[in-house]
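Open the model in your viewer and keep the selection tool at hand. We will go from one stop to the next, and at each one you will hear what to select and what is there.

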Amino acid sequence: MPAHFTDAELLAYLDEGLPVERMTAIETALRSSDELRTRTAELRDQRESQGHTVGEIWRRERLSCPTRHQLGSYLLGALEANLAQYIVFHLETVGCRYCAANLDDLRQAGQSNAAETTKRRQKFFQSSAGHVSKPRRGS
Ligand SMILES: [Zn+2]
C-alpha cells in the first residue's frame with residue numbers, strides 16, 4: 001500500500017513547496033502508484049478550475065515567503081482569509097522554518113510588554129522567596 005498523503009501535500013508537491021524528504025517520499029509513491037498519480041492529476045485539474053485555492057494564489061502571484069509585515073498581521077488576525085490561509089499552509093504544510101522562526105520572533109516581540117510586567121513581578125516574587133529561604137545572605 002502506498003503511504004498516505006493529504007490533498008494539501010500533493011498540491012504542495014506540485015508547487016515544489018515541501019521539505020525535501022517529503023518531496024522524495026511523494027515522488028517515490030507516485031512512481032509506484034497509478035492511483036496516486038490519478039489523484040494528483042485530479043487535484044491539479046480541480047485547482048486549475050477553481051482558481052482560488054492557496055496553491056493557485058501561490059503560483060499566480062509567485063508568493064514564496066510572506067513578508068514580516070504579513071506575518072505580523074496574521075498574528076493580529078488582521079489578514080484577509082485567503083492570505084491567512086496561505087500563511088497557515090506555508091507554515092504547516094510547507095513547513096517553512098524561516099517563517100516559523102520569524103513568527104516566533106514577532107510573537108515574542110508582541111508579548112514583550114506584557115512579559116516585562118510579568119517578569120518584574122516574578123523577579124520580585126523570587127527575590128522575596130530567596131530572601132526567606134536563604135537567611136545566610138545577611139543584608
Ligand atoms: Zn517561508
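In which helix is the place of Asp104? Select residues 97–133 and you have helix H7, where Asp104 sits. Before going further, note that this is a predicted model, in which local features need pLDDT of at least 70, side-chain atom pairs count only at pLDDT 80 or more, and totals for chains, interfaces and linings use all residues. Residues are numbered from 1 along each chain as its sequence is written.

**Stop 1: around Asp104**

Show the surroundings of Asp104: it is exposed, because 10 other C-beta atoms lie within 10 Å. The scale used here calls a residue buried if 20 or more other C-beta atoms lie within 10 Å of its own, exposed if 12 or fewer, and partly exposed in between, with C-beta atoms placed from the backbone. Now add Leu75 and draw a distance between the C-alpha atoms of Asp104 and Leu75: you should get 9.9 Å, for residues 29 apart along the chain.

**Stop 2: the whole protein**

Zoom out and switch to cartoon. The protein has seven helices and zero strands, which gives the pattern α-α-α-α-α-α-α along the sequence. Helices (H or I, at least four residues) and strands (E, at least two) are DSSP runs, numbered from the N terminus. Colour by burial and 17% of the 139 residues show up as buried. Of the contacts in the protein with a separation of 6 or more, 59% join residues 24 or more positions apart; a contact here has C-beta atoms, placed from the backbone, within 7 Å.

**Stop 3: H1 against H2**

Select residues 7–14 for H1 and residues 20–32 for H2: these two helices pack at an angle of about 100°, with axes 10 Å apart. Axes are lines fitted to C-alpha atoms, for helices over the stretch in contact, and angles run from 0 to 180 degrees between N-to-C directions. H1 is therefore roughly perpendicular to H2, a label for angles of 65 to 115 degrees (under 35 is roughly parallel, over 145 roughly antiparallel, the rest oblique).

Show side chains for Glu9, Leu10 and Tyr13 of H1 and for Arg22, Met23 and Ile26 of H2, which make the contact. By class, it has four nonpolar, no polar and two charged residues. Ala, Val, Leu, Ile, Met, Phe, Trp, Tyr, Cys and Pro count as nonpolar, Asp, Glu, Lys and Arg as charged, and the others, Gly among them, as polar.

Stay on H1 and pick out Glu9, Leu10, Leu11, Ala12 and Tyr13, which are buried. Just after H1, Glu16 takes a positive phi of about 55°. In the segment before H1 you will find His4, which counts as exposed because it has 8 C-beta neighbours inside 10 Å. From the C-alpha atom of His4 to that of Ile26 is 9.2 Å, with their positions 22 residues apart along the chain.

**Stop 4: H5 against H6**

Which residues of H5 meet H6? Select Gln70, Leu71 and Tyr74 in H5, then Leu83, Ala84 and Ile87 in H6, and you have both sides. The axes come within 10 Å and cross at roughly 100°, so H5 and H6 are roughly perpendicular to each other. This contact divides into five nonpolar, one polar and no charged residues.

**Stop 5: the core**

End at the largest nonpolar core, with 15 residues; Ala12, Tyr13 and Val94 have the most contacts inside it. A nonpolar core is a set of buried Ala, Val, Leu, Ile, Met, Phe, Trp, Tyr and Cys residues joined through C-beta atoms within 7 Å. H1, H2, H5 (68–75) and H6 (81–93) each give two or more residues to this core, and H1 gives the most, with four. Last of all, centre on Ala12: not counting residues up to four places away in sequence, it touches Gly17, Leu18, Thr93 and Val94.

Key: Contact = placed C-beta atoms within 7 Å.
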